[in-house]
Amino acid sequence: MHRSRLSTVVIDLSVGSFERGATFWSAALGRDRLASALGLAPKTLAKVESGEGSPLPSVLDRLAALRHVLAIADDVLGDRQATAAWLLRPHPHYGGASPLDLLRTYSGTVEVLRALDRIAEGVMS
């Protein structure tokens, strides 16, 4: 049975890591697109980036899911710039939507993770 190497990615789930990661990804992907993928208002994302207050548990859950996908994508695609380009590129398999667009829902997130697994196996690009 095939065991995906993607399951071995270790993710830092501390609030501080979210703040650092959100700042990079906000710049790389655009604050509005990243906020939309997280189901947040851009102002809420800005507060997370700046460390203002404590994020709500629902925000932390969304950030954890995104952080998980980003860590796996970085591992599979090689670096953050390649990951950002891949996340933003519309894909015909997704009806012209980008992988980032799919991250708005749980089922979309699962599909993005499956796509990354296929890329890691050399089945899809």
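Helices, in the sense used here, are DSSP runs of H or I at least four residues long, numbered from the N terminus, while strands are runs of E with at least two residues. By that reckoning the protein, which is seen here as a predicted model, has seven helices and zero strands. If you read along the sequence, the pattern is therefore α-α-α-α-α-α-α. The protein has 125 residues, of which 38% count as buried. Among contacts with a separation of 6 or more, 58% are between residues 24 or more positions apart.

A good place to begin is helix 3, which spans residues 42-50 and in which Leu 45, Val 48 and Glu 49 are buried. These three residues cover an arc of only 100 degrees around the axis, and so they lie on the same side of helix 3. A general rule helps here: an α-helix has 3.6 residues a turn, so residues three or four places apart point the same way. After helix 3 comes Gly 51, whose phi is positive, near 80 degrees.

From one helix we can move to the interior. In soluble globular proteins, nonpolar side chains tend to be buried together. In this model the largest nonpolar core has 30 residues, and the members that touch the most others are Leu 103 and Leu 116. At least two residues of this core come from each of helix 1 (15-29), helix 2, helix 3, helix 4, helix 5 (80-88), helix 6 (99-102) and helix 7. Helix 4 supplies the largest share of the core, eight residues.

Which residues does Leu 103 contact, leaving aside its neighbours within four places in sequence? They are Ala 37, Leu 66, Val 69, Leu 87, Thr 109 and Val 112. One of these, Val 69, has its place in helix 4. Is Val 69 buried or exposed? Its relative accessible area is 1%, and because buried means under 20%, Val 69 counts as buried. With neighbours within four places in sequence again left aside, Val 69 is in contact with Leu 103, Thr 109, Val 112, Leu 113 and Leu 116. Val 69 and Leu 113 are 44 residues apart along the chain, yet their C-alpha atoms are separated by 6.7 Å.

Arg 80, whose place is in helix 5, offers another case to consider. Its relative accessible area is 29%, which lies between the limits of 20% and 50%, and therefore Arg 80 is partly exposed. Leaving aside neighbours within four places in sequence, Arg 80 is in contact with Phe 24, Trp 25, Arg 67 and Asp 74. Of these partners, Trp 25 is 55 residues from Arg 80 in sequence, while the two are 8.6 Å apart in space, C-alpha to C-alpha.

Finally, we can turn to the space that the atoms leave empty. Rolling a probe the size of a water molecule over the atoms shows where such space is left. In this model the largest pocket holds about 160 Å³ of space. The elements that give two or more residues to its lining are helix 2 (31-38), helix 4 (57-77) and helix 7 (106-120), and helix 4 gives the most, with three residues. The lining includes Ala 37, Leu 66, Leu 103 and Thr 109, and the contacts of Leu 103 include Ala 37, Leu 66 and Thr 109. Sorted by class, the residues that line the largest pocket are six nonpolar, three polar and two charged.

Key. Residues are numbered from 1 along each chain as its sequence is written. This is a predicted model: local features need pLDDT of at least 70, side-chain atom pairs count only at pLDDT 80 or more; totals for chains, interfaces and linings use all residues. Side-chain values use heavy atoms; hydrogens and water are left out. On a 1 Å grid over the protein atoms alone, a cavity is a set of points where a 1.4 Å probe fits but cannot get out, and a pocket is an open set with protein on both sides within 12 Å along at least five of seven lines; lining residues have an atom within 4 Å of a point. Grid points are joined across faces, edges and corners, and a volume is the space filled by probe spheres set on the points. Ala, Val, Leu, Ile, Met, Phe, Trp, Tyr, Cys and Pro count as nonpolar, Asp, Glu, Lys and Arg as charged, and the others, Gly among them, as polar. Buried means under 20% relative accessible area, exposed over 50%, partly exposed in between (1.4 Å probe, protein chains only). The arc is that of the directions from the helix axis to the C-beta atoms. A nonpolar core is a set of buried Ala, Val, Leu, Ile, Met, Phe, Trp, Tyr and Cys residues joined through side-chain atoms within 4.5 Å. Contact means heavy atoms within 4.5 Å.
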